[in-house]
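Trainee: I should like to learn how the terms used for a structure are justified. May I put my questions to you one at a time?
Mentor: Please do; let us have the structure before us.

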Amino acid sequence: MSKGSTGYGTTAGRSSRRRILRLAGAGLTMATLGAGLTGCEETSETGGEGSIPPPRTASPEDGGKAPEGGQTPAPLWTKSTSAATYGDNDELVAVDGVVIASGDPLAALDGATGAERWSLPGGAIPGAPLLLGDGTLYLASGKYDGSVIGYAPASGKETWRSHLGKEYRQPRPVAVDGTQVYVIAEILEADGSSRTNVIAALNSGTGKLVWKEQRDLGTQQNGVHAAVQGRHLVYTDFKKNLTVRDTATGRQVWTQKTTKTSYGPFAVHQDLVIVPQGQKLQAFALSDGSEKWSVEAEQFTTFREPTVLDDVLYIADSGRTLWALDPRTGKKVWQSTALKDSGAQVPRQFVRVGSTLYGATDLDKQGGIHAFDAENGALRWTFNDKSGDYHAWLVATDGKRVFALHGKKLHALPGA
């Protein structure tokens, strides 16, 4: 999902179909996944077929230098973490000189060295989003006390707190803009159960409730992806709803059913929301929901998650084609078959540093972190730690380094 100056988005809830299938295939239980390591400690792993390359000797202060000639870089550093992730893009963030992976304890590592800067026991609900906005990290309280808390990412100090009310349960932040934090929470019944939920806006200065609106019966708290663009709060859910609300009042501007909304993020750009729906990628006007453009993949091929970076929309399809599109019109900038030609796994999350586009894949020995030429989609190299871990790869960047999380291993790679 695009993260621009006007708003930020994330995912609320963690019971997506994709995730459930992944866990079932791994033969693991949610209880097992919830358990994390108790801290972050340095690893030194060399030798053996399944090992990672030794750390590079380049100075970490300048981000190191990527090797030439298509050679896969060795990590600048690798750490074992307490990460407990479920494959969503908002579970790994890099900001203010630190990199943070969702887990318990929630730990911030120095981006240059991997040293722990701070740790917060119970800081994040397992699988909950790490939501960044205006220099603040917003989290659902790990104490399950109905609070939403803001922290300074560099220090881990609490800077903001809000409480929706005792009649609501498990409020989770889904998006943030310059003035408000948007949350979804269950409405408690007299017997302690919940059949409905609300979406609400909290003032990011005072923590006071600005507005709240009850969502339709049958909607779910889990599986919500959201973003803010100007006066529009846009979100999707597992019930195949695409909904836009007015950020000032909470009034529903429009909603419509989608045919095959993906179980991952969508993208917003200027006045458009861009949603993959199976074989078709569609762009709708935020103002009224009218379709502005659409692009179709080949027959029996489906689009993955889109990302807008530097005014270019990047997206891969299940046929292993990588697309670069103009997000305003849907017109093709370039197409690359490098993934298909090399038999590599399809990426589902992207970041960009300079002229290099990085893509993170799901679980596959031909996957990992792909590095592409952002100008034409040529595949430069693929980093894989060969651990065989069933978790999806996650990627983030601080503009100098690229951080790759795989299970509980966090690797820092040199940028472009």
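Trainee: What makes both faces of β25 count as covered?
Mentor: In this predicted model, V312, Y314 and A316 lie on one side of β25 and L313 and I315 on the other, and these residues are all buried. Buried means under 20% relative accessible area. Five of the five residues of β25 meet that condition, so the strand is largely enclosed by the rest of the structure.

Trainee: How do you know that β24 and β25 pair, and in which sense?
Mentor: Pairing requires at least two bridges between two strands. Strand β24, residues 307-309, shares three bridges with β25, and the sense is antiparallel. Within this pair, L309 stands opposite V312 of β25. The two strands form a hairpin with two residues between them, and D310 in the turn has a positive phi of about 50°.

Trainee: Which bridges support the pairing of β25 with β26?
Mentor: Four bridges join them in the antiparallel sense, and at least two are required. Here Y314 stands opposite A324 in β26. This hairpin has five residues between its strands, and R320 in its turn has a positive phi of about 70°.

Trainee: Why is T321 called buried?
Mentor: The limit is under 20% relative accessible area. T321 has 9%, and therefore T321 is buried. The residue is found in the loop between β25 (312-316) and β26 (322-325). Leaving out residues up to four places away in sequence, T321 touches I315, A316, Q335, S336 and K340.

Trainee: Why is Q170 called partly exposed, whereas K386 is called exposed?
Mentor: Exposed means over 50%, buried means under 20%, and partly exposed covers the values in between. Q170 has 32% relative accessibility, so Q170 counts as partly exposed. K386 has 54%, so K386 counts as exposed. Q170 is placed in strand β12, residues 168-176, while K386 is found in the loop between β31 and β32 (393-397). Neither backbone value should be overlooked: phi of Q170 is near 50°, a positive value in a residue other than glycine, and K386 has a positive phi of about 60° although it is not a glycine.

Trainee: What makes β4 and β7 edge strands?
Mentor: The order of the open sheet is β4-β5-β6-β7, with antiparallel pairing. β4 and β7 each have a single partner strand, so one side of each is left without a neighbour in the sheet. From one strand to the next, the twist averages 15°. Inside the sheet, β6 and β7 run antiparallel and are joined by four bridges; A107 stands opposite S119 in β7.

Trainee: Which strands stand at the edges of the sheet β28-β29-β30-β31?
Mentor: This is an open sheet of four strands with antiparallel pairing. β28 (347-353) and β31 (379-383) stand at its edges, because each has a single partner strand. The twist averages 25° from one strand to the next. β29, residues 356-361, and β30, residues 369-373, pair in the antiparallel sense over five bridges, and G359 stands opposite H370 in β30.

Trainee: How do you know that the peptide bond from D104 to P105 is cis?
Mentor: Its omega is near 0°. P105 is found in the loop between β5 and β6.

Trainee: Which residues have the most contacts inside the largest nonpolar core?
Mentor: They are I100, L106, W118, L130, L137 and L139, in a core of 15 residues. At least two core residues come from each of β4 (92-95), β5 (98-101), β6 (106-110), β7 (116-120), β9 (136-140) and β10 (147-151). Beyond neighbours within four places in sequence, L137 is in contact with several residues, among them I100, L106, W118, L130 and I149.

Trainee: What confidence does the predictor give to the chain?
Mentor: The average pLDDT is 83, and 80% of the residues score at least 70. Over residues 1-6, however, the pLDDT is below 50. Residues 13-66 are also below 50, and this stretch has 120 contacts in the model beyond near neighbours in sequence.

Terms used
Residues are numbered from 1 along each chain as its sequence is written. This is a predicted model: local features need pLDDT of at least 70, side-chain atom pairs count only at pLDDT 80 or more; totals for chains, interfaces and linings use all residues. Side-chain values use heavy atoms; hydrogens and water are left out. A nonpolar core is a set of buried Ala, Val, Leu, Ile, Met, Phe, Trp, Tyr and Cys residues joined through side-chain atoms within 4.5 Å. Buried means under 20% relative accessible area, exposed over 50%, partly exposed in between (1.4 Å probe, protein chains only). Contact means heavy atoms within 4.5 Å. pLDDT is the predictor's confidence in each residue, from 0 to 100. Axes are lines fitted to C-alpha atoms, for helices over the stretch in contact, and angles run from 0 to 180 degrees between N-to-C directions.
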